[in-house]
Amino acid sequence: MKKLGLCVFNVLAFLAVLGQERVEIAGAEGKSYFLQTDWGKVYYEVYGEGDPLLILHGNGGSAKGRHHMVPDLMENYQVILMDARCHGKSDCTDKDLDYFEMAEDVRFLMTHLDHQKYTIWGHSDG
């Protein structure tokens, strides 16, 4: 039994190193990740299955601010939330935020997830 416990601990530690964690919000369960870019890490969460819906928060917001939407949207989509650079759990650069770089982060995440098409919802800077 002790060996099994150690094995489970090692597997969980390995998953933490990969940056994958389970996320639970009211009515939904997903996983969170960090995507390494050339400037730092982008935080994102994935809930459910189906056609991908990428939700982009506004300036000063984060993925957490959209958690209330996830349970209903999961009925029809795989919901993807991301924190823009210098927001939420994503890393921050030393220079001012730039819309082109923020858009490149979105493109990089979409390429990484490798879906054929996306529906994107955002407001303000999103």
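Of the protein's 126 residues, 36% count as buried. The model is predicted. It holds three helices and six strands, and these follow the order α-β-β-β-β-α-β-α-β along the sequence. Among contacts between residues at least 6 apart in sequence, 61% join residues at least 24 apart. The points below cover the salt bridges, helix H3, strand E4 and His67.

**Salt bridges around Arg85**

- The protein has three salt bridges.
- Arg85, Glu101 and Asp105 are linked in a network of such bridges.
- Arg85 meets Glu101 through their side chains, with an N to O distance of 3.4 Å.
- Arg85 sits in the loop between strand E5 (77-82) and helix H3 (99-113), while Glu101 belongs to H3, so this bridge ties together parts that are 16 residues apart in sequence.
- Arg85 also bridges to Asp105, where the closest N and O atoms are 2.7 Å apart.
- That second pair links distant parts of the chain too: Arg85 in the loop between E5 and H3, and Asp105 in helix H3, 20 residues away.
- Arg85 is buried, at a relative accessible area of 4%, which is under the 20% cut-off.
- Asp105 is buried as well.

**The salt bridge within H3**

- Arg107 pairs with Glu104, and their closest N and O atoms lie 2.4 Å apart.
- Both residues lie in helix H3, three residues apart, or about one turn of the helix.
- Arg107 is partly exposed, with a relative accessible area of 44%.
- Glu104 is partly exposed too, with a value of 37%.
- Both values fall between the 20% and 50% limits, so neither residue counts as buried or as exposed.

**Helix H3: span, ends and buried side**

- H3 has 15 residues.
- From first C-alpha to last, H3 reaches 21 Å, close to the 21 Å expected at 1.5 Å a residue.
- At the N-terminal end, Asp98 acts as a cap: one of its side-chain oxygens lies 2.7 Å from the backbone nitrogen of Phe100.
- Just after H3, Asp114 takes a positive phi of about 60 degrees.
- The buried residues of H3 are Met102, Asp105, Val106 and Leu109.
- These buried residues cover an arc of only 95 degrees around the axis, so they lie on the same side of H3.
- They pack against four strands: E2 (28-36), E3 (41-47), E4 (51-56) and E5.
- Asp105 therefore has two roles in this picture: it is one of the buried residues of H3, and it is part of the salt-bridge network with Arg85 and Glu101.

**Strand E4 and its partners**

- E4 is mostly covered, with five of its six residues buried.
- E4 and E5 run parallel and are joined by six bridges.
- Pro52 stands opposite Gln78 in E5.
- E4 also pairs with strand E6 (residues 119-122) in the parallel sense, over four bridges.
- Leu56 has Gly122 of E6 as its bridge partner.
- In a regular strand, side chains alternate between the two faces of the sheet.
- E4 is also among the strands that the buried residues of H3 pack against.

**His67 in its loop**

- His67 lies in the loop between E4 and helix H2 (70-73).
- His67 counts as buried, at 16% relative accessibility.
- Leaving out residues up to four places away in sequence, His67 touches Ile25, Glu45, Tyr47 and Leu81.
- With Glu45, His67 makes a side-chain to side-chain polar contact at 2.8 Å.
- His67 and Gly27 are 40 residues apart along the chain, and their C-alpha atoms are separated by 9.8 Å.

Key:
Residues are numbered from 1 along each chain as its sequence is written. This is a predicted model: local features need pLDDT of at least 70, side-chain atom pairs count only at pLDDT 80 or more; totals for chains, interfaces and linings use all residues. Side-chain values use heavy atoms; hydrogens and water are left out. A salt bridge is a side-chain nitrogen of Lys or Arg within 4 Å of a carboxyl oxygen of Asp or Glu. Buried means under 20% relative accessible area, exposed over 50%, partly exposed in between (1.4 Å probe, protein chains only). The expected span of a helix is 1.5 Å times one less than its number of residues. The arc is that of the directions from the helix axis to the C-beta atoms. Contact means heavy atoms within 4.5 Å. A polar contact is a pair of N or O atoms within 3.5 Å; within protein, one must be able to donate a hydrogen and the other to accept it, and residues adjacent in sequence count only if both atoms are side-chain atoms. Two strands pair if DSSP finds at least two bridges between them.
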